[in-house]
Structures are given as C-alpha cells and as structure tokens.
Amino acid sequence: MEMQSFNYPASGLLQKEVTQVAEFLNKNPTFDGRDTVIAVIDTGIDPAAMGMQKTSTGKPKVIDFIDCTGAGDVEMGPAQKCPEDKPLELVGASGRTLKLNSNWKNPSGDWHLGSKPLYSIAPKEVIRALSKERTEVHNKKQELIKIDIQRKQQQLKDDDEDSDETSDYKEQFKALDKLDGIYNDHGPLLDCVVFHDGKQWLAAIDTEESGDFTQVAAMGAYKSTGDIGMLCKRHLLYFTINFYDNGKILSIVTPSDTHSTHVSGIAAAFYPEEPANIGIAPGAQLLSLSIGDQRVNAMETGIAHMRAVNAVIEYNVDLANMSFGEPSSVSNAGVEDNVGATDDTKESEEKETNSMEKAMRDLQISWIKSTESINVRDKLVSDLTASSKTEEDKMDVLIAHLESVDTYNRAAFPWTSKCGMTTERAIKVVEIADQIVEKTQATALTEPLYASYNEKKATDKEKEAKKKVDDAKEQITNALKSKCYAAAFLAANNMFTEKEKEIDVKTDDTDFKEKYKQALDQLVAWEDYNGSGMENMVLSLTLLVLEKKYAKALNKIFSHVEDTPLLVSNVKEHSAMSDLRDKLIKKLGWALWTDYLEAAAKFEIFEDYENF
C-alpha cells in the first residue's frame, strides 16, 4: 500500500494573518526586528534547534547562552601538568585515566580538571529515558551474577542440600535481591578538561565516560566562537559553554526544558525554506538566559533572576521576555530548627562530704581514668585496691581501671585502625571484665524477697537493695560488652589484614575465634537473663566475618539498616556498616556492585541540592 504524504498545517500554529502581522511585514519587510536583541528569560534555548541558527539578515540568531542558575557550573581543580613519562595522560576528577588530544595547543602545559554529573544538567525527559536504558543494562548484568551462583549451587550433590555452602548460596541470592532495592541510577559522571591555548580558554568534555579525549574537539565560549557540542547523541542534548573567574569555573549550558525554544520560535524564528514557520520578528537576535534550575525540577530561583537581570543590562538588550511559571513548593516547608532547645540537664552534683579521705580517693580514681602512663595507672590501682575498706570500693577501682584501658571506638569495626584498641589493652580489658563479673554476679543474681517491687510503697531498705541489684546488673552488662569488643579485636587482629576496601582472612586461628565466641555467648546469655535486649551489631557481624559467612553478614547489615533510621546519634554506626558492606561485596567478587558503590560515593558530593 502506497503511503500518502501530508503537509502539517503549520500556518495554524502562528496566526500571523489573524493578528495582521503578515500584512505588516509585507508592507514593511525591513521592520522584522533586525538590529534588535530580545532576552528570553526562561528554560534556555536549544542551541541546535531549527529556526534558531540565523536571522533574516544572516547574523547569528542567538548572541549568547547563559546559565543563570549555576546548575551547570563545574569548579575546576588547580593547574597540573602531565607526568614526563606520560605527556598526554592525567587522572581525571572521576578517577578515570584521561588520554588527551595531541592536537590541542596548550603552551603553558597547565591542565585544569573537574567533573559533572549529567543528570544535574539534563532535562527530565532525557534523564528518564537514559536512566531506563542504563537500568536495563544493569539488570542484565545482575541476572548474569545470579545465573552464575545458581550454576554453582546446582553443581553440589543432592546430599549437600543442607550444607554450609548451599546455605551461603541462598544468602547470596537474598543479598543480591536486597542490593536491587538500593540501586539508583546516578547517570554518567562526565570528566571535564580546561586549558588555555594562548588566546582563549578552551574545554573538552568526555561524554562517553571512556577517558579518551584523543578524538574530542575542544570548545571555546559560545559568545566568541559559536561552538556547540552534544552531550547525549541518542537524545539530542546539545550544549554550549562559558568560562568564569579566569577559567576556574566552567559553565555547561543546557536547556532545562523545551519551553524557551517554543517561546523564541514564536518571537523570532527564521526558516528560509519554510516561510509559514517564521516567527514575528525573524530579524531579531536573541539572548538565552536560563533561569530553570535543573537541581530543583527546573524551577527558577531568586539568584537566577538577579543574574538574568544583570545579563540584560550587560548585553544592552532592547526587549526582555519572561513567560515562565510552574507549580511551586510551599515556601515555609521543611524541617524546623530546634532554636533555643535546652541542653540536657546536668547530673546532680555530688553530695558534699566532710571526709577528706573520700575526696582524695575520688580524685585518685579519676586519675586512673585520665592518666596516659601505664606505670602510674597500675600503681594507683594497686594502692587503691589495697586501701579499699568495702567490696563496693574495690568495684569502683575495677570499673575505673576498665574504663581507662577500654578505649575501643564502638562505631568502628575490630579490624580497622579507627577502633583505637591495641593488643595489650584488649588482653587487659578481658582480664578486668572477668574480675568484675566474678565479683558482681552474686549480687546481680540476687532477686528481692518480694514478688513485685513498687517504688512508691518500697521502704528505704528495699530501695537500697533494689539499687544494688540494678547497679550490679549494669556493671556486668558493661563489663561483658567491653570484653566482647576486646575479644573481637584479638580475634580479628589475628585473622585479618586490612587493605583498602578489602577483607583478607589470614588463618583459621581457632583459639582466638573460640575465645571470642565464648565471650559473645556469655554476653548473649546474660542479656537474655537480664532482658536488656541490646543490639550488638558490631559484635555479631564480627563473628559472621570470622566464620567467612560474608553473604549472611551482608544480609544482617541490610536488615539492620532497614530497621534503624539514620539519626545523629548513630551516624558513625551507619557509616561503619556502609564501609563493611562495601568490603563484603568486594570479597564476594561482585564487580558490578563494587563499581556501582564506588561510583555512588563520587556522586555524594553533588547531592547537596536533593532537598533544596
């Protein structure tokens, strides 16, 4: 069947006959806007749009493209030179190795490097389409990982169905499903290179994410060169550039939407071959001023308005058009600051005492906690223990001693240098903790003679007895927890070596592992009895990693993060969890996710405007 061709009725799009514009132009053909400049304050004109290339007199249609929002700004790094053995290679801001174009002229040899996430300067339609494509590619790679795990699982014999290896494969499937839940396509990270050719600043952008600039042409500022580049060929995303602050800022200018191009077409489009599509003033030149900030869904900001007005004055435009509007967020939305919030009330001051002996003893106990000298600390502990008149006094000394040596950072993991522990201190912590438990458990396990305790009806004697039991329970809990962290450190210190983002099991030192497991079991049993229900993620994760149950440890992290909201009080713990997550994924050999998490970390510095 032969297809019929139809001409779109473009004459109906711009009613020049009804408005008598056509008649006016026929009588006055030179009154078409020539020698005038119209500033279009909007989303930014598409630099490659048809009708936006020349005026009716042959002048460039757009005299400049300016991003007034700052969304396209790239802060370039300090000048650096290529190494002598690799005269055209540099490590870019993205971490990729950049191979430079030998045809670029750079007399000074100074190169400035930066990077820009494409999604921070691309229209939402481009982001939506590109993200869909990239996610499909990612999902295919994820399926290949699952297929490989399934193949390994099927190779096991039927009688190994309940083996640890089979269980680990199941945990890996579960972990991969969890990882799917955290996947978020951040888009391409574009490396930018800026240099001076002796006459002007030039820039090149790696739109392919390959690091290969050998065939990339450097661009100059549009105002002086008329250069137009393409960021995304498949989606026809074109751009121009500007330089500010003597090349320290590269501005990548892209349209945030099609509205500005539409408005500009009505005002001044010029189609030599299609008269019906010509705008009202085809002879006028345009100044494209983008106020649609990509970081806030193409909404305009006050700063963008101010910059646009400054540009209107600077370019001495004859007419400024602003037909821009959109739904706006509520101006007073957001999180209210806790202004004037009172600090936590201080603990009540110690009761005054007339006993100089007790005051001196308290001072000496504080010295135990603060002294850096091991010899001084041990001497104080020995003297104060010998002079103690009651078991409570001896316990005060033991607890102070434990606090002085237990310098473990609870937010760090045992195999990291950030934990702050040493082997000598860890051994001492275990020793002191055992002493505290031995001396305290008799009191802690003593229940009141009455079935239920009522604070209001209790006698002073009953209250004192209850306090002793509660204090003893707390002392045991703290001692066992310190012991677990110390034992975990000893086990990890003898089984791991830390490399950058790697876990490397050295040996199966069963002695240290068993001691740690016993310490953990002791704490768990005590918590079950005491009903404290504390979450010891660091401790339990340490044990899983010691047993090489990497996938199970990974799933435990996912579950914990899901159940524990990120707060100021636990931000260090979440950070430690994230660090261990990355190490476990690398240990499991999932390069797809290792690369994704490394790329995601680079994008964190660009996410300041997510909740703008």
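## Strands β10 and β11

Strand β10 (residues 237-244) and strand β11 run antiparallel and are joined by five bridges. One pairing can be picked out by residue: F243 has L250, in β11, as its bridge partner. This description rests on a predicted model.

The two strands β10 and β11 form a hairpin, with four residues between them. In the turn, D245 has a positive phi of about 55 degrees.

## The sheet around β11

On what other strand does β11 have bridges? Strand β3 (residues 73-75) is joined to β11 by three bridges, and these two strands run antiparallel. Here V74 stands opposite L250 in β11. L250 therefore appears in both pairings, as the residue opposite V74 and as the bridge partner of F243.

Strand β9 is joined to β10 by three bridges, again with the strands antiparallel. Within this pairing, C232 has L237 in β10 as its bridge partner.

Together, four strands form an open sheet in the order β3-β11-β10-β9, with antiparallel pairing. The edges are taken by β3 and β9 (229-232); each has a single partner strand, so one side of each has no neighbour in the sheet. On average, neighbouring strands of this sheet are turned by 40 degrees against each other, direction ignored.

As background, strands of a sheet pair through backbone hydrogen bonds, and the pairing can be parallel or antiparallel.

## Burial of β11

Is strand β11 largely enclosed or largely open? Four of the five residues of β11 (residues 249-253) are buried, so the strand is largely enclosed by the rest of the structure.

## D32 and its surroundings

D32 lies in the loop between α1 (21-27) and β1 (37-42). Its relative accessible area is 5%. The cut-off for a buried residue is under 20%, so D32 counts as buried.

Which residues does D32 touch? Leaving aside residues up to four places away in sequence, D32 touches L25, S56, A281, P282, G283 and A284. With S56 there is also a polar contact: the side chains of D32 and S56 are joined at 2.5 Å.

## The protein as a whole

The protein has 16 helices and 15 strands. Of its 612 residues, 42% are buried. The accessible surface comes to about 35600 Å², and 51% of this belongs to carbon and sulfur atoms.

Contacts can also be sorted by separation along the sequence. Among those between residues at least 6 apart, 68% join residues at least 24 apart.

Terms used: Residues numbered from 1 in each chain as written. Predicted model: local features only at pLDDT ≥ 70, side-chain atom pairs only at ≥ 80, totals over all residues. Heavy atoms only, no water. Buried < 20%, exposed > 50% of the residue type's maximum accessible area, 1.4 Å probe, protein only. Pairing = 2+ DSSP bridges. Axes fitted to C-alpha atoms, helices over the stretch in contact; angles between N-to-C directions. Polar contact = N/O pair within 3.5 Å; in protein donor to acceptor, adjacent residues only side chain to side chain. Contact = heavy atoms within 4.5 Å. Areas by Shrake-Rupley, 256 points an atom, 1.4 Å probe, with all protein chains shown as cover.
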